[in-house]
Amino acid sequence: MPHPEFLYWDASAVISLLVADIHTSHARRALRPTAHHFVSSLGIAEVLAVLARAERLPQQRAFVQQVHEGFWHQTHLAPSLKSLAALARRHTLRGADLWHLGAALALRKELPGLVIITFDKSLAQAARHEAMLLSD
């Protein structure tokens, strides 16, 4: 299977890239220089909050710099209410995860083939159901 060209990173995937954990090797493999990497403004807020709570300020500064320098493409795309309602009927997700799935699906309309990289089990299950989960 060819590597995806467009990847939507949720906060769990970005955190695993910045702070070593059991998912870091998978996150690093997804970080291909030829792909386009997207993170939403919600994802950025979640990452910054986690890093601040963990007092990981060097990683926080590095992440902010990477976003500003264009490593990740920041998207302000918001899913529609209709899309969120339909997804809520199909999946049992927390609010932020529902929003990430809706945003990724909306972005996928512009970028066919876009997949989600996440280490959140519920979001991964929903993304798999929507045929947009990055497989290892």
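This tour moves from the sheet to the helices that lie on it, then to a helix pair and a loop residue.

The model is predicted, with local features requiring pLDDT of at least 70 and side-chain atom pairs counting only at pLDDT 80 or more, while totals for chains, interfaces and linings use all residues. Residues are numbered from 1 along each chain as its sequence is written, and side-chain values use heavy atoms, with hydrogens and water left out.

Select the strands (E runs in DSSP of at least two residues, numbered from the N terminus): four of them form an open sheet in the order β3-β2-β1-β4, with parallel pairing, where pairing requires at least two DSSP bridges between two strands. Because β3 and β4 (115-117) each have a single partner strand, they stand at the edges and one side of each is left without a neighbour in the sheet. Next, zoom to β1 (residues 6-9), which pairs with β4 over three bridges in the parallel sense, and find Y8 opposite I116 in β4.

Now add the helices (H or I runs of at least four residues), beginning with α1 (residues 11-18), which lies across β1, β2 (36-40), β3 and β4 and runs at about 90° to β1.

Then select α3 (residues 41-53) and α4 (residues 57-69), which pack at about 160° with their axes 9 Å apart, and are therefore roughly antiparallel (angles over 145 degrees, on a scale from 0 to 180).

Finally, pick P79, in the loop between β3 (72-75) and α5 (81-90), which counts as buried because its relative accessibility is 10% (buried means under 20%, with a 1.4 Å probe and protein chains only).

Key. Parallel < 35°, antiparallel > 145°, perpendicular 65-115°, else oblique. Buried < 20%, exposed > 50% of the residue type's maximum accessible area, 1.4 Å probe, protein only. Contact = heavy atoms within 4.5 Å.
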